[in-house]
Structure formats: C-alpha cells, structure tokens
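Me: I am new to this structure and would like to learn how to read its features one at a time. Could you start with the terms and then turn to the case at hand?

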Amino acid sequence: MTEPVVRIPDAKVALSTASVYPESTATAFEIAARLGYDGVEVMVWTDPVSQDIESLRRLSDYHGVPILAVHAPCLLITQRVWSTDPWVKLQRARAAAEKLGASTVVVHPPFRWQRSYARDFVRGIWRMGDETDVRFAVENMYPWRYRDREMLAYAPDWDVTKEDYRHFTVDLSHTATARTDPLAMVDRMGDRLAHIHLADGAGSNKDEHLVPGRGTMPCAELLERLAVTGFDGHVVIEVNTRRAMSSAEREADLAEALAFTRLHLASPTRVSGGS
C-alpha cells in the first residue's frame, strides 16, 4: 500500500521590510519574529535604519531574525540613497549582503533614461557576480501605462528573461501589472530562478502587491510547483499594507500571507509502505 506524505522544500519564507510601510524597518523585524517568518529581506530606501548595516545587524540579533536578502535602492524615491551612481548602489548592496550574511541582492533593470548604466547592465551584473558569492537576482518589471498609452520604462527590457542573467527574481505582482503569465516566465527562467517576491495582482495599471490569494495570479500553483521541484531559494512576502486601518490589521494581513505560503509550499507525494 502507499501512504501519503508531504514534501516541503528547503526554501525559506521571508518578510520584505517594504511590507510594513508606512511603519519602519525596525517594525518589520519585530513582526517577522512574532509571526514566525524565517527571515527578512531588507528594502533599502529612505528609512535611515534600512541604510545602516550596524543598525540592521542589531535588529537581526535582537529579534533572532536573519537577513536573507538585500533589495538594492532601485526605486524612483531612492535615486539619492547610497549615491546617485547606480553601480555604487549595487556595490554597497553587495557589501551589506556580505556583512549581514544575506545570500541575495535583488536588483531592478535600469530605467531607460539611465543610458550608460543600461548599456553595460547585463555585462556589469555578470562582472559583479564573479566577484562574490552573493547572488544578484534581477527582477522582472512591467510596462508603465496611463489610460490607453504604454511606456517602456526599463532597459534592456522589463521582461528580464530576454537577457542572459545568472540569477532571476520573479515578482507576481509585476507579472499581473505586465499582464503576462508568471508560470511561463518561471519556465523561461529555469534553474536560474533564485528568488520569489510573492504577492498578487488583478491586472491593474498599478503595481498592486496584494496579499496572495486576493488577486488573479496563480500564487498557489507557483508555490506547489516550487515544492515539486525542490526549490531552495527564498520566497519573500512583498505586499502592500498601506490601507490597513491599524497595526493589528496589518499584522493580520502578513499572518495570512505567511499561512498561505506555508500551506501551498508543500508537495503531496506517496511512498510505499505496509504492515
């Protein structure tokens, strides 16, 4: 006879510090510890604590929550964080990851107006990857839309699978905004998929970052596929809780996201047995 068992991959489930905004980076560590996340991904942005390695180390040690990834400051609002030179930003992100014990730096493709950076981006990411054990996982983005108009804001492309990167991050809110199939994108990434930003979306022009299960993306199917394939990267909850009416409501959303992820990040299989 056969007996059902559940196979759970080695992937760790982390909380992005961006998920608690407008609360602080420090609050993210506290919530991650209380809810039982395996670690955090630090979004480096305008919060001074997110930019300070010693402050981050103290938070990690105090709460017993490891820092698994560092998200380089690639957003419009972080253009002056850690220099205005995008390569300096990546060098500082790599140094932070090395000092904090994080295995991954998440980076967006350049904006199209960053012409010099964009021209050398693919080669430059390979060069930086050759200098460290830290993985530079390049994240899929999306076209910018306003009404019926579409602007391609990223170069070489928002669809990072069109370029030869060593490691990828797939973000399911971004695939929703791009109106593209995340499972097909993951297939194109293959074994270079190193990092997941788990969120949901309903195909709005805006990057929604809904709690998984509240949109139209196949979040559950992706997690189940990761379990079957033995994915050993990180699954990071990166959701938007700005509309939460209270800290308790925000924490409930993050607890729901964690429960959803753990439920589906498992693969039922059967093993032979008998008496």
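Reply: Buried means under 20% relative accessible area, exposed means over 50%, and partly exposed lies in between, with a 1.4 Å probe and protein chains only. At 40% relative accessibility, Leu-76 therefore counts as partly exposed. This is a predicted model, in which local features need pLDDT of at least 70 and side-chain atom pairs count only at pLDDT 80 or more, while totals for chains, interfaces and linings use all residues. Residues are numbered from 1 along each chain as its sequence is written, and side-chain values use heavy atoms, with hydrogens and water left out.

Me: Where is Leu-76 found, and which residues form a nonpolar patch with Leu-76?

Reply: Leu-76 is found in the loop between β4 (67-71) and α4 (86-100), where helices (H or I, at least four residues) and strands (E, at least two) are DSSP runs numbered from the N terminus. Patches are made of residues with over 30% relative accessible area and no salt bridge, like charges being joined within 9 Å and nonpolar side chains (Val, Leu, Ile, Met, Phe, Trp, Tyr) within 5 Å. Here Leu-76 joins Trp-113 and Met-151 in a nonpolar surface patch with about 300 Å² of accessible area together, areas that come from the Shrake-Rupley method with a 1.4 Å probe, only the protein chains shown counting as cover for residues.

Me: How do α4 and α5 cross?

Reply: Two packed helices are described by the angle between their axes and the distance between the axes. The axes of α4 and helix α5 (residues 115-130) come within 11 Å and cross at roughly 20 degrees. That makes α4 roughly parallel to α5, since angles under 35 degrees count as roughly parallel, over 145 as roughly antiparallel, 65 to 115 as roughly perpendicular and the rest as oblique. Axes are lines fitted to C-alpha atoms, for helices over the stretch in contact, and angles run from 0 to 180 degrees between N-to-C directions.

Me: How many salt bridges does a search of the whole structure find, and what does the salt bridge of Glu-251 with Arg-34 tie together?

Reply: Side chains of opposite charge can pair when their charged atoms come close. A salt bridge is a side-chain nitrogen of Lys or Arg within 4 Å of a carboxyl oxygen of Asp or Glu, and the search finds 16 of them. In one of these, the closest N and O atoms of Glu-251 and Arg-34 are 2.7 Å apart. Glu-251 lies in helix α9 (residues 247-264) and Arg-34 in helix α1 (residues 25-35), so the pair ties together parts that are 217 residues apart in sequence. Glu-251 is buried, with a relative accessible area of 19%, whereas Arg-34 is partly exposed, at 46%.

Lys-162 forms a salt bridge with Asp-157, the closest N and O atoms being 3.7 Å apart; Lys-162 is exposed at 56%, and Asp-157 is buried at 19%. Salt bridges that share partners also join Glu-30, Arg-34 and Glu-251 into one network.

Me: Which peptide bonds are cis, and where does a positive phi occur?

Reply: Most residues other than glycine have a negative phi, and most peptide bonds are trans. The bond from Tyr-21 to Pro-22 is cis, with omega near 15 degrees, and Pro-22 lies in the loop between β2 (12-16) and α1. Another cis bond joins Ala-155 and Pro-156, with omega about 0 degrees. As for phi, Ser-83 has a positive value near 90 degrees and is found in the loop between β4 and α4. His-209 has a positive phi near 50 degrees, and at 10% relative accessibility His-209 counts as buried.
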